[in-house]
Amino acid sequence: MAAKRTVDAAATHGLALYREMLRVRRFEEKCAELYSAAKIRGFLHLYIGEEAVAVGVMQALRPEDAIVATYREHGHALARGVAMGPLMAEMYGKVTGCSRGRGGSMHVFDAAARLVGGNAIVGGGLPLAVGMALADKLRGLDRVTACFFGEGAVAEGEFHESMNLAALWDLPVLFCCENNLYAMGTALGRSESEIDLCLKASSYEVPAWPVDGMDVVAVEDAARRAVTTVLGGGGPIFLELRTYRFRPHSMYDPELYREKAEVEEWKLRDPIPALAARLREGGALPDAVAEAMETEIAKEIEDAVAFAEASDWESVDELERFVYAEEAAP
Amino acid sequence: MSGDPAPMTYREAMRQAIREALLRDERVFLMGEDVGRYGGCYAVSKGLLDEFGPARIRDTPLSESAFVGAGIGAAVNGMRPIVEIMTVNFSLLALDQILNNAATLLHMSGGQFPVPLVIRMATGAGRQVAAQHSHSLEGWYAHIPGIKILAPATVEDARCMLWPALEDPNPVLIFEHALLYNSEGEAPAEGHTVDISRARLRREGRDVSLFAYGGTLAKTLQAAEALATDGIEAEVVDLRVLRPLDTAAILASVAKTRRAVVVDEGWRSGGISAEISARITEGCFYELDAPVARVCTREVPIPYPKHLEDAALPQVPAIIAAAREVVGNRG
């Protein structure tokens, strides 16, 4: 019986992971469509192909932990539990958006989810995450700050300064480097003299683990081990999550810098069908369940779009609100 | 700290202000290059490491972006950091964090993430330390919405501005002119408070308004004394706060004297002096009896030799000359 329960629990969790990745995928597919329809403007950076990273890491975080993410953060927000309605409203720029519509796609914030952006300066979130962790340490709070950034950020001084400071002060930061091989259009080997990212982190005495970022189970497993170490006072950990984005860098990118064949090859490792196959093998994903899941998600997205459409724009009278705080800080 | 007013240096006033903040609020900590074992590059934090320990007096690596950013993150996450940057020139290495995060997070997040942070730094010239340690960029920082800019020029302000800056829920940058650290003044009594939203009248006058702040206040007061011997009564307004500017105080003084000279150790083009002049023109153009005059730093990187440095900076004779000019060479 015990063995059966364990299998059931694993299957249930596997299904939850699958569902979460599928939500992110379908949400972003809808966003691409809405971008073409000019409902979403500005920059739109899709996470399609990389879902296993955010979904896997989020499993290891508790509500009290914090997240600092990049401009490619829709997946992180959804996987962290930011409701789809306010997230879609943010994509539209409506006042009901999780940042009152002021940030848009690149600046998703949610205090309740302890999601501190949505940072669109490459490397700019790392010092912030180090400070969040410093506060937790000084306050004696047993919390971790997960900081997501791309491999492009390792070329920034802020990466090196932050690695050093976090290690020097033994701060509870989980550095999650999403290595999708291209900093916009520049391949890692074209911009770095040393392309072993774990070696860079290790040089600051930060334990660094390479992880298959196309395998959500492997990501979750690594993140759980890392969080346990970080919370045990072990200082920061660096995860190099090896992944790939299937879509262009942003909606403006003609993708002149990579071969279509390379993209197709990576698509064979798409984390969503890969997990589906494993679940089906164990009998955990009957077609009826998969179909019901698609229907539920489609409904959630439909509701989110309706919510965004029906929402108001922020009044121009409020343009200057929150340049400065309206009350004492908590 | 004694209960009675007593003379003390600007440096000591600042040190006492930091000490008081550390004693009053356990969320306060000081972080920066050489603030601990070295005692601060201007000796402001001397002795604090022994009293408060390394968790609250934190020596940092030479990583301005990381430790300023860490101050922002710590402020977002419940602390009240005081970050010290050695000089304004080095703060440029942290400009990304100051502008793109500290000044921006609250508005961009729709009001969710205030950044109650204080950043202190030395500014200004006059010590023959040449072009990479002498600039006055506080006016530049005053261009940025979302942060507040303070420039204490007196011992009283050095002693009393820090606590309200820490209580302010916004990022506050405090610019301490490096030549002021040894200046002496009367220390305020314990519990004395100052308003960090207002300019202060330092000398009353009826003939011309002289606007100054930080390192140029003392020179401007000297100029006013010299003008008085010629029968010109200059009013001296210490701006104290460069963002948000106390426009009402500026206009009230000009409405009274009908003439204005702005003294600024920053460069003239696009500087805070230009902003003040514009506000006077916008706010009380028809009350002016003469065009607004400015005495600024010459538009060069600050050179090393004393005679060239002196020539580059606003000096008392230039302030006197400008004031005479706007009052029509009276006296």
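**Exercise 1. A residue with an unusual backbone angle**

Where is the place of Ala38(A) in chain A? Find that spot, then work out its phi and its accessibility.

*Solution.* Before we start, a word on what you're looking at: this is a predicted model, where local features need pLDDT of at least 70, side-chain atom pairs count only at pLDDT 80 or more, and totals for chains, interfaces and linings use all residues. Residues are numbered from 1 along each chain as its sequence is written, chains are lettered from A and ligands numbered from 1 in the order in which they are written, and side-chain values use heavy atoms, leaving out hydrogens and water.

Step 1: Ala38(A) sits in the loop between α1 (2-36) and α2 (51-59) of chain A. Helices (H or I, at least four residues) and strands (E, at least two) are DSSP runs, numbered from the N terminus.

Step 2: its phi is near 65°, a positive value in a residue other than glycine. Most residues other than glycine have a negative phi.

Step 3: Ala38(A) counts as partly exposed because its relative accessibility is 38%. The cut-offs are under 20% relative accessible area for buried, over 50% for exposed, and partly exposed in between (1.4 Å probe, protein chains only).

Step 4: try Asp170(A) as well. Its phi is near 50°, again positive in a residue other than glycine, and Asp170(A) lies in the loop between α6 and β4 (173-179) of chain A. With a relative accessible area of 41%, Asp170(A) is partly exposed.

**Exercise 2. Cis peptide bonds**

Look up the peptide bond between Gly117(A) and Gly118(A), and the one from Arg243(B) to Pro244(B).

*Solution.* Step 1: the bond joining Gly117(A) and Gly118(A) is cis, with omega about 25°. Gly118(A) is part of strand β2 of chain A.

Step 2: over in chain B, the bond from Arg243(B) to Pro244(B) is cis too, with omega near -5°. Pro244(B) belongs to the loop between β12 (241-243) and α11 (247-257) of chain B.

Step 3: for background, most peptide bonds are trans.

**Exercise 3. Following Arg143(A)**

Is Arg143(A) buried or exposed? Once you know, list what it touches.

*Solution.* Step 1: Arg143(A) is in the loop between α5 and β3 (145-150) of chain A. It counts as buried, since its relative accessibility is 14%.

Step 2: skip residues up to four places away in sequence, and Arg143(A) touches, among them, Arg62(A), Glu64(A), Arg114(A) and Pro172(A). Contact here means heavy atoms within 4.5 Å.

Step 3: another of those it touches is Leu231(A). Arg143(A) and Leu231(A) are 88 residues apart in sequence, yet 6.7 Å apart in space, C-alpha to C-alpha.

Step 4: the side chain of Arg143(A) makes a polar contact of 2.9 Å with that of Asp136(A), and one of 2.9 Å with that of Asn77(B). A polar contact is a pair of N or O atoms within 3.5 Å; within protein, one must be able to donate a hydrogen and the other to accept it, and residues adjacent in sequence count only if both atoms are side-chain atoms.

**Exercise 4. Where the two chains meet**

How many residues of chain A are in contact with chain B? Describe the interface from there.

*Solution.* Step 1: 44 residues of chain A are in contact with 46 residues of chain B.

Step 2: the two chains bury about 3,400 Å² between them, 64% of it on carbon and sulfur atoms. Buried area is the accessible area (1.4 Å probe) that two parts lose on being put together, summed over both.

Step 3: the interface has 25 residue pairs in polar contact (both at pLDDT 80 or more), but zero salt bridges. A salt bridge is a side-chain nitrogen of Lys or Arg within 4 Å of a carboxyl oxygen of Asp or Glu.

Step 4: on the chain A side, α5(A) gives the most, with ten residues.

**Exercise 5. Two domains in chain B**

Compare that with the meeting of domain 1 and domain 2 inside chain B.

*Solution.* Step 1: chain B is assigned domain 1 (7-186) and domain 2 (200-326). These bounds come from an automatic or database domain assignment.

Step 2: the domain centres, taken over C-alpha atoms, are 26 Å apart, and 30 residues of domain 1 are in contact with 24 residues of domain 2.

Step 3: the two domains of chain B have three salt bridges between them. Arg202(B) forms a salt bridge with Asp157(B), with the closest N and O atoms 3.2 Å apart.
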